[in-house]
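Subject: Structure handover and notes

Dear colleague,

Here is the structure we spoke about, followed by my notes on it. Please read them with the coordinates open beside you.

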Amino acid sequence: MFSMTAAAIATALAAGSLFIANGDIPPPAADFSAERDPFELDWSSPAPGVWIGVRPQSARLPVTGTSVIVIGESGVLVFDGGGVPLQGERVAEKIRAETDLPLTHIAISHWHDDHHLGLGPLRSAWPDAQLVSHTFTREVMGSTLMDSARNQDTVPEGAFQAQLDTALANPDLPEPNRLWLSQAYAWADLIESQGRLGQIPQIDMVFDNNLEIDLGARTVNLVHFGPGNTKGDIMLHIPDARIIATGDAVVHPTPYGYFSYPAEWAQALTRLRMLDVDLIVPGHGDLMTEWGYVDLLIETLQSIADQTEALVADGHDLDGLREHFDWSALEPRFTGGDPFWAGRFNVWFKRPILEAAFRLATGLDNEEIVPHEHGAE
């Protein structure tokens, strides 16, 4: 009833002027315009009853996850409803604009707060909606891993703007980075105020591998293919629309490598690769109609796992790993040689993922659960 062909999806997306990322196409030129606030989403509907809200420029500060709305005949599901309350409000507005049906389920792709701290408006508007995550994600919510979000009120007012002031005062700051930080500076007050309003959500329902949800004449599947960006990554599969939303297991054009699991991540993406879908919705960045970028991620993650194992076995510490790791066959295919994207790739992926891989190779846990003294709040 809700199915759509690949050609129709491509036509719908092209009409919305969305960039389609295929293969090793270099990243689009960074847009440093500050006219729109950083939490606005561009909505497209690649299939009946499916709406995808993508932040137009994935690298813009603060990073903000993509939101997906799926409408059935009896209820609505939202996947990653917002990192700040303003995004949650806009997702709620979009639901009301498209249907009178109630929001019945809110799914969280993983525990990183840019995907869930803004769920308050959705919970207030539809208090009976079930909040769903992987079991590990719920455990994190009550742990010290969430302390930075739990203790936002302890951060001095104006701290974000002060950080930007310091960075922008650097005379050696490359011009693209200056424009990028100035874009955030224009909205510093909004960014800081929204950050203070975020709340750690209470999760109602968990699963470990697969969860099927009936929305009325439309069934969606939440799936866990294994650890990747986190131990609790889940994806949203909409079979009748031939769409998969990946959370941060896929991020374009610069993946995030913090405390992740390269070898298992590559395996998870290989399992994802077996799905018969026409549209891939990354956790951040442009929608994709081909598997080329996912294949690049698999190749990169496996190379990280293999090279790290070999270099650690040769006795290298973390500094030695970074010095001897060979990125020559990988990095240009993400950055296209653009200095701005090369900088983001270094800070958001190269440095953190080599640290993550080194920790795993030396027997350390990248996401140790230490219960917060008061539990989830």
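Which strands does helix H2 (residues 85-98) lie across? Helix H2 lies across S1, strand S2 (50-54), strand S3 (67-71), strand S4 (76-79) and S5, and runs at about 25° to S3. Here helices (H or I, at least four residues) and strands (E, at least two) are DSSP runs numbered from the N terminus, contact means heavy atoms within 4.5 Å, and axes are lines fitted to C-alpha atoms, for helices over the stretch in contact, with angles from 0 to 180 degrees between N-to-C directions.

Before the rest, please note that this is a predicted model, in which local features need pLDDT of at least 70 and side-chain atom pairs count only at pLDDT 80 or more, while totals for chains, interfaces and linings use all residues. Residues are numbered from 1 along each chain as its sequence is written, and side-chain values use heavy atoms, with hydrogens and water left out.

The sheet of seven strands

The strands under H2 belong to an open sheet with mixed pairing and the order S1-S2-S3-S4-S5-S6-S7, where two strands pair if DSSP finds at least two bridges between them. Strand S1 (42-47) and strand S7 (205-207) stand at the edges with a single partner strand each, so one side of each has no neighbour in the sheet. Neighbouring strands are turned by 20° against each other on average, direction ignored. Strand S5 (residues 103-107) pairs with strand S6 (residues 130-134) in the parallel sense over three bridges, and Ala-107 stands opposite Val-132 in S6.

The sheet of five strands

An open sheet of five strands, also with mixed pairing, has the order S8-S9-S10-S11-S12. Its edges are strand S8 (210-214) and strand S12 (279-284), each with a single partner strand, so one side of each is left without a neighbour in the sheet; the twist averages 25° from one strand to the next. Strand S9 (residues 219-223) runs antiparallel to strand S10 (residues 235-238), joined to it by three bridges, with Leu-222 opposite Leu-236 and Val-223 opposite Met-235. Three bridges also join S10 to S11 in the antiparallel sense, and His-237 stands opposite Ile-244 in S11. From S10, Met-235 and His-237 point one way and Leu-236 and Ile-238 the other, and all are buried, that is, under 20% relative accessible area, with exposed over 50% and partly exposed in between (1.4 Å probe, protein chains only).

Helices and cores

Helix H9 (residues 262-273) lies across S10 and strand S11 (243-251) at about 165° to S11, whereas helix H10 (residues 292-313) lies across S11 and S12 at about 35° to S11. The largest nonpolar core (buried Ala, Val, Leu, Ile, Met, Phe, Trp, Tyr and Cys residues joined through side-chain atoms within 4.5 Å) has 36 residues, and Val-250, Leu-269, Leu-272, Ile-304 and Trp-327 have the most contacts inside it. H10 gives the most to this core, with nine residues. Leaving aside neighbours within four places in sequence, Val-250 is in contact with residues including Leu-269, Leu-272, Pro-282 and Tyr-293. A second, separate core of 26 residues includes Val-91, Ile-106, Leu-131 and Val-140.

One loop residue

Asp-338 sits in the loop between helix H12 (331-335) and helix H13 (339-361), and counts as partly exposed because its relative accessibility is 31%. Asp-338 and Ala-30 are 308 residues apart in sequence, yet 9.8 Å apart in space, C-alpha to C-alpha.

With best regards
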